[in-house]
Amino acid sequence: MPDDPAAAPSWTGSPLVARLTSYGQRLRRSDRRHPWVLDLAVIVALFLLFCVPDLVPGIDDGHGPDELRLAFTHLPAAGTLALQAGLLLPLFWRRRAPSVALALTAAVFVVQWSLGVFLRADVALLVALYSVTLHARLRHLPWACAGVVVLLLPVAARVSRAVSFWEALFFLLTAVTAAVALGLAVRIRRAQLASLRDRARQLEIERDQRSRLAAVTERTRMAREMHDIIGHNLSVIITLADGGAYAADVTPERSKQALELVGDAGRQALGELRRMLGVLREKADAPELNPQPGIGDLDALCTRIRAAGPEILLRSAGELDTLDRGVQLMTYRIVQEALTNTLKHAGPRTRVDVLIAVEGPALRIRVQDAGPPDAAAPLDPPAEEGHGIAGMRERAALYGGTVTVGPTAGGGWVVQAVLDLTPISVPPGGAP
């Protein structure tokens, strides 16, 4: 069968099918609000179709074999109506208590046939069996079927005067099989629809969860970038401003130089913020954005930090220019965060050794400072890590790397990161 929707049967989109579908939906909604209406309507329909012909005198005259008509007892209208009511009224509870409804109908059925009365309303027994198949527990179904078959054996024997016993039994068992098969078909269909509805609800929940998770991940990434950009530049600006204020009375020319460096750092921070926020813009005419900083921008970073006072030695080894842009950005951010922490905790009069080296399949980053010049003893590790250290570890984890932070024997701090440069192998024609 073709998958093209245009190849679907034309009757599925006909106005008649759409109208019937609409009527069915209205009926289901009405049945959910007032279930007793449908139960009563079934009883009324069965009464009109199968009970009225037995109540109208002479409607069966001349119909059926004489042997069959003589085999049954004819009751007055009141007795016939009482038996019909006993067969049909239990169907009012066929959906709420299907097994009880079948038992009551079967009891009246036994009384009726013990009196030798034939009624068209016996179809209520099949309707009750259908309801048990559809609404009751499935473990009740074999017992219900066996009980109905046992009840129908005397019926087949009673009508054997006109037809063969086996023919009558075959017809009755066929009717029982049809009722059970119809009930099972409707039950399976309803179970499938319920499963589809549950699956649709689950998919909606999973979609919402994925959306929320993506939003949280994006907010975390933005917070990390904002922390790297604003935290670093503000630390440099504050240090330069403090130094400029101190130098204003002693060497005014140094104060002017500090103010110029403050302006440069502010413009640098503003440029990086614009670049990051520009990525989030959805306009098609967004301006061209400068590339994210990489290892080649570390010289400029160290220059800005040196302007605030620290003595920085930057060393590198290996082919760093060939590294992936993501690795370079991650390296830049880790060094930036480490230098920012050094400036905040060790002060402007410290020495910093920065090493970036490619060692086989790994990239090693080490930022070690000498600590404050007046520190008498090594610093204790902080009780809780800040967002910067957690951000460095999250960045390194993206490349299977690790970050270790701790004090040195000389009173300073060292930040070491190792990133895995091994490319992810992708099988031919498959996903990684």
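Modeller: In this predicted model, a residue is called buried when its relative accessible area is under 20%, and exposed when that area is over 50%.

Biologist: Why is C51 called buried?

Modeller: C51 has a relative accessible area of 0%. The term requires a value under 20%, so C51 is buried.

Biologist: Why does C145 count as buried?

Modeller: The relative accessibility of C145 is 18%. The cut-off is under 20%, and therefore C145 also counts as buried.

Biologist: How many disulfides are counted, and by what criterion?

Modeller: A disulfide is a pair of cysteine sulfur atoms within 2.5 Å. By this rule the count is zero.

Biologist: What share of the protein chain is buried, and what does the chain expose?

Modeller: Of its 432 residues, 34% count as buried. The chain exposes about 26,400 Å², and carbon and sulfur atoms supply 62% of that area.

Biologist: What makes up the fold, and in which order do the strands of the sheet lie?

Modeller: The protein chain has 12 helices and five strands. An open sheet of five strands has the order 1-2-3-5-4, with mixed pairing.

Biologist: Why are strand 1 and strand 4 called edge strands?

Modeller: Strand 1 (311–317) and strand 4 (402–407) each pair on one side only. Pairing requires at least two bridges between two strands.

Biologist: What makes the pairing of this sheet mixed?

Modeller: Strands of a sheet can pair either parallel or antiparallel. Here, strand 1 and strand 2 (residues 351–359) run parallel, joined by seven bridges. Strand 2 and strand 3, by contrast, pair in the antiparallel sense over eight bridges, and seven bridges join strand 3 to strand 5, again antiparallel. Both senses occur, and the sheet is accordingly mixed.

Biologist: Which partners does D353 have in the neighbouring strands?

Modeller: D353 of strand 2 is the bridge partner of L313, and its partner in strand 3 is Q368. Further along strand 3, L363 stands opposite L419 in strand 5. In the hairpin of strand 2 and strand 3, with two residues between the strands, G360 takes a positive phi near 65°.

Biologist: What makes the side chains of strand 3 an alternating set?

Modeller: L363, I365, V367 and D369 point to one face and are buried, whereas A362, R364, R366 and Q368 point to the other face and are not. In a regular strand the side chains alternate between the two faces of the sheet.

Biologist: Why is V354 called buried, and what surrounds this residue?

Modeller: V354 lies in strand 2. Its relative accessibility is 0%, against a limit of under 20%, so V354 counts as buried. Beyond neighbours within four places in sequence, V354 is in contact with I312, L313, L314, R315, V335, L339, R366 and V367. The C-alpha atoms of V354 and V415, 61 residues apart along the chain, are separated by 9.6 Å.

Biologist: Which helices lie against the sheet?

Modeller: Helix 10 (residues 298–307) packs on the sheet and touches strand 1 and strand 2; its direction makes about 165° with that of strand 1. Helix 11 (residues 325–345) lies across strand 1, strand 2, strand 3 (362–369) and strand 5 (413–420), running at about 15° to strand 3.

Biologist: How do you know on which side or sides of helix 10 the buried residues lie?

Modeller: The buried residues of helix 10 include L298, L301, C302, R304 and I305. These residues cover an arc of only 160° around the axis, which means that they lie on the same side of helix 10. Just after helix 10, G309 takes a positive phi of about 130°.

Definitions and conventions. Residues numbered from 1 in each chain as written. Predicted model: local features only at pLDDT ≥ 70, side-chain atom pairs only at ≥ 80, totals over all residues. Heavy atoms only, no water. Helix = DSSP H or I, 4+ residues; strand = E, 2+ residues; numbered from the N terminus. Contact = heavy atoms within 4.5 Å. Axes fitted to C-alpha atoms, helices over the stretch in contact; angles between N-to-C directions. Buried < 20%, exposed > 50% of the residue type's maximum accessible area, 1.4 Å probe, protein only. Areas by Shrake-Rupley, 256 points an atom, 1.4 Å probe, with all protein chains shown as cover. Arc of directions from axis to C-beta.
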